[in-house]
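Please study the model shown below before reading on. The paragraphs that follow lead from its helices to its core and then to its empty spaces.

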Amino acid sequence: MAAVHPTSIAHSGPRWLAAWPVLLGLAVLYGPTVYGLATGVWQSEDQAHGPLILAVVLWLAWSGRDAFSAATQPRPLAGWLWLLPGLLLYAVGRSQDILIFEIGSAIPVLVGCLLALVGPAAVRRLWFPLFFLIFLIPLPGFLVDAVTGPLKQHASALAAQILFAAGYPIARAGVVLHLGPYQLLVADACSGMHSIYSLAAVGLFYLHLMGYKNRLRLGLLVLAIVPIAFLANTLRVVTLALITFHMGDAAAQGYLHGLAGISLYLFALAMLLALDALLGLLPGLREPRRVKG
């Protein structure tokens, strides 16, 4: 029986399809993790962006499947150097219910599989979906607590100033807004780290799709993501306050609350698009858009 060189199977079908045992193994390994997320933290408002992040990662990976069609240069040793720590991280996270480890392990595990099966070229081609997996990892509680407090204070103060300038009877005590007969507590979800985290994912995904090469333009847009997210969160507080004042607390806590959350992302994206358009008018920053599929 004649030996078959690995590259000779390229014409028998898609090369990524030949890796179905590895794909099946990954599904068995991380299927319970995704199910646990779907029935757990993704049910909360703070982590509601999780399914969208996963969908984006899968779409990006599918769009980059041509990485398997290039000439392969497998690096088994380098692959195992990534894979073994990743599997250990998964085992610790899964057994001890540490989501940061369990979900974070997917990055070194996937990098290891790509290196061992295809080579560094595939990792370079798929670097963004691998990086984007970071946004599936829940933020550690100590970081959320440390950042959310000051953010709520600043968002509450700015929202109170906006409402006062608009002529509304508003007073503020810490993160509590006294608007007419209502007392509104600015919750973590309205101005916290989780919202900025998810909005950062939206902004980075947009920049990846645009495919800009100008580093200055990219840097300015990346730096603008956090203040845009903060402003969008503040306007969400203002919107919910106005709904409460004019329509009552029941309306603000009903479907309009969720609608305000969706509008938050649309507004932030619109601001990023507007800033991008303005930067495109400046000399030295003009660059044709190369939307990636």
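Helices here are DSSP runs of H or I with at least four residues, numbered from the N terminus. With that term in hand, the reader may turn to the model, which is predicted.

A good starting point is helix 10, which covers residues 193-210. How far apart are the end C-alpha atoms of helix 10? They are separated by 26 Å, and this agrees with the 26 Å that its 18 residues should span at 1.5 Å a residue. Helix 10 is mostly covered, since 17 of its 18 residues are buried. Just after helix 10 comes glycine 211, which takes a positive phi of about 65°.

The next topic is the nonpolar interior. The largest nonpolar core has 49 residues, and those that touch the most other members are Ile53, Phe132, Phe135, Leu136 and Phe205. To this core helix 10 gives the most, namely 12 residues. Isoleucine 53 illustrates the packing: setting aside residues up to four places away in sequence, isoleucine 53 touches Phe132, Phe135, Leu136 and Ala201. Another core, of 12 residues, lies apart from the one that isoleucine 53 helps to form; Leu163, Leu179, Val237 and Ala241 are among its members.

Leucine 242 belongs to helix 11, which runs through residues 215-247. Is leucine 242 buried or exposed? The answer lies in between: its relative accessible area is 26%, so leucine 242 is partly exposed, because buried means under 20% and exposed means over 50%. When neighbours within four places in sequence are left aside, leucine 242 is in contact with Leu163 and Tyr168. Leucine 242 also illustrates how a fold brings together distant parts of a chain: it is 63 residues from leucine 179 in sequence, yet their C-alpha atoms are 8.9 Å apart in space.

Attention now passes from the atoms to the space between them. Rolling a probe the size of a water molecule over the atoms shows where empty space is left. The structure holds 1 cavity of 30 Å³ or more, and the largest cavity has a volume of about 80 Å³. Its lining consists of Leu199, Val202, Gly203, Ile225, Ile228, Ala229, Ala268, Leu269 and Leu272. At least two of these lining residues come from each of helix 10, helix 11 and helix 13 (255-279). By class, the lining of the largest cavity has 8 nonpolar residues, 1 polar residue and no charged residues.

Pockets form the last part of the tour. The largest pocket has a volume of about 960 Å³. Among the 30 residues that line it, Leu23, Leu26, Leu58, Ala61 and Leu110 lie nearest its centre. Two or more lining residues are given by each of helix 1 (20-38), helix 2 (50-63), helix 5 (106-117) and helix 7 (127-132). Helix 1 provides the largest share of this lining, with 9 residues. By class, the lining of the largest pocket divides into 27 nonpolar, 2 polar and 1 charged.

The second largest pocket has a volume of about 590 Å³. It is lined by 26 residues, and those closest to its centre are His49, Leu52, Ser198, Gly261 and Tyr265. Which helices each supply at least two residues of the lining of the second largest pocket? They are helix 2, helix 10 and helix 13, and helix 13 gives the most, with 9 residues. This lining has 16 nonpolar, 7 polar and 3 charged residues.

Note on methods. Residues are numbered from 1 along each chain as its sequence is written. This is a predicted model: local features need pLDDT of at least 70, side-chain atom pairs count only at pLDDT 80 or more; totals for chains, interfaces and linings use all residues. Side-chain values use heavy atoms; hydrogens and water are left out. A nonpolar core is a set of buried Ala, Val, Leu, Ile, Met, Phe, Trp, Tyr and Cys residues joined through side-chain atoms within 4.5 Å. Buried means under 20% relative accessible area, exposed over 50%, partly exposed in between (1.4 Å probe, protein chains only). Contact means heavy atoms within 4.5 Å. On a 1 Å grid over the protein atoms alone, a cavity is a set of points where a 1.4 Å probe fits but cannot get out, and a pocket is an open set with protein on both sides within 12 Å along at least five of seven lines; lining residues have an atom within 4 Å of a point. Grid points are joined across faces, edges and corners, and a volume is the space filled by probe spheres set on the points. Ala, Val, Leu, Ile, Met, Phe, Trp, Tyr, Cys and Pro count as nonpolar, Asp, Glu, Lys and Arg as charged, and the others, Gly among them, as polar. The expected span of a helix is 1.5 Å times one less than its number of residues.
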